[in-house]
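Student: I am new to this structure. Please take me closely through one part of it, the open sheet and what packs around it.

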Amino acid sequence: MRLLTLGGTVFLGRHIAAEALARGHDISLLHRGRHGADLFPEAEHLLADRSGDLAVLDGGRWDAAIDTSGYEPADVQASTGRLAGVVEHLGFVSTCNVYPGWPAEPVSEESPVWTDGDDYGAKKAEAERAAEAAMPGRVAHLRAGLLCGPHDNVFRLPWWVRRIARGGDVPAPGDPARTVQLVDVRDLATWFVDLAEQRRGGVFNATAPAGRTTLGEVLEAAVAATGSGARLRWIPDEALVSAGVEPWTELPLWAPESDMAGTWRVAADRAAAAGLRCRPVAETVADVWAWLRDGGEGRLPDWLAEVRPAEMPAAREGELLRLAP
């Protein structure tokens, strides 16, 4: 198979490229050349800014394409319009943020999506429509959940693994029995390439099954993987809300039930039926720790440091630990 990826040198795209190459596929990577230009020397590198001139795609023909970097609807419209006649199938990586009701409430692929607006989710919903209009019936709309694994540029799970590795008392958020839906990026990459090989279209919530694992199991796996002996001190949602803790950013992976009850209740049966298989979360945690221990964080693009969750100051940790029962 000849595969084109739009993006492919930082996180998800990097794993898709590695998976496709491991299967013996010919792959072309469209990227700006700012990060990872030295990766995958056996692949064809097409250097362009997708928001500008895409002439570099002229003359090419691919069996399938996977778009991991389509954020602006106009860019997606331009790329899919250009590729419609030279690509049989497109995997468009979208997000669960296309659902206006999420994360306040559970969602499925049948839930309403944004029809207007200018925020991230609304733009992704419009980009999905642009892709489908250009390639009707030939697009897999892949509404991703929380991705994690080596080379994680969003850094929510690595934040926890790094903190737990330091040991001591660790403020752990909410109820340890609350289920979470973390999906290993490598499992998604494997499945996305499967869909490309099968030329399978449709709409899928691309995340792990609901109820599969708990936050307690995730953080305990980090204690075990790092061997730090860290002590998890669980703090109820209500106490964290009263203390003004910011969900997702100040304590990553924490989503209070009071107003984010649907965060980890995304229906993913359709993806599982189409072949998505998720490895045990302890394996993902251990591999994230190995990546961190090997200096992986330091090899992420510098600009990502500005968007990753900040390390919690010791004084703030102490304040939160005093809230633990």
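Tutor: We start with the sheet, then turn to a helix on it, a helix pair and one loop residue. Keep in mind that this is a predicted model.

The sheet is open and has 7 strands. Their order is E3-E2-E1-E4-E5-E6-E11, and the pairing is parallel. Strand E3 (44-47) and strand E11 (202-206) are the edges, each pairing on one side only. From one strand to the next, the twist averages 20 degrees.

Look now at one pair. Strand E1 (residues 2-6) and strand E2 (residues 26-31) run parallel and are joined by 5 bridges. Here Leu3 stands opposite Ile27 in E2. Helix H1 (residues 12-22) packs on the sheet. H1 touches E1, E2, strand E4 (62-67) and strand E5 (87-95). The direction of H1 makes about 165 degrees with that of E2.

Next, the helix pair. Helix H2 (residues 73-83) packs with helix H3 (residues 120-134) at an angle of about 15 degrees, their axes 8 Å apart. The two are therefore roughly parallel. Their crossing is right-handed. H2 brings Pro73, Val76, Gln77, Thr80 and Gly81 to the contact. H3 brings Lys123, Glu126, Ala127, Ala130, Ala131 and Ala134. By type, these residues are 6 nonpolar, 3 polar and 2 charged.

Last, the loop residue. Gly149 sits between strand E7 (146-148) and helix H4 (156-165). Its relative accessibility is 0%, so Gly149 counts as buried. Beyond its neighbours within four places in sequence, Gly149 contacts Phe11, Val185, Thr284 and Val288. Leu12 is 137 residues from Gly149 in sequence, yet their C-alpha atoms are 9.4 Å apart.

How values were computed: Residues are numbered from 1 along each chain as its sequence is written. This is a predicted model: local features need pLDDT of at least 70, side-chain atom pairs count only at pLDDT 80 or more; totals for chains, interfaces and linings use all residues. Side-chain values use heavy atoms; hydrogens and water are left out. Helices (H or I, at least four residues) and strands (E, at least two) are DSSP runs, numbered from the N terminus. Buried means under 20% relative accessible area, exposed over 50%, partly exposed in between (1.4 Å probe, protein chains only). Contact means heavy atoms within 4.5 Å. Axes are lines fitted to C-alpha atoms, for helices over the stretch in contact, and angles run from 0 to 180 degrees between N-to-C directions. Angles under 35 degrees count as roughly parallel, over 145 as roughly antiparallel, 65 to 115 as roughly perpendicular and the rest as oblique. A crossing is left-handed if the near helix is turned anticlockwise from the far one by less than a right angle, and right-handed if clockwise. Ala, Val, Leu, Ile, Met, Phe, Trp, Tyr, Cys and Pro count as nonpolar, Asp, Glu, Lys and Arg as charged, and the others, Gly among them, as polar. Two strands pair if DSSP finds at least two bridges between them.
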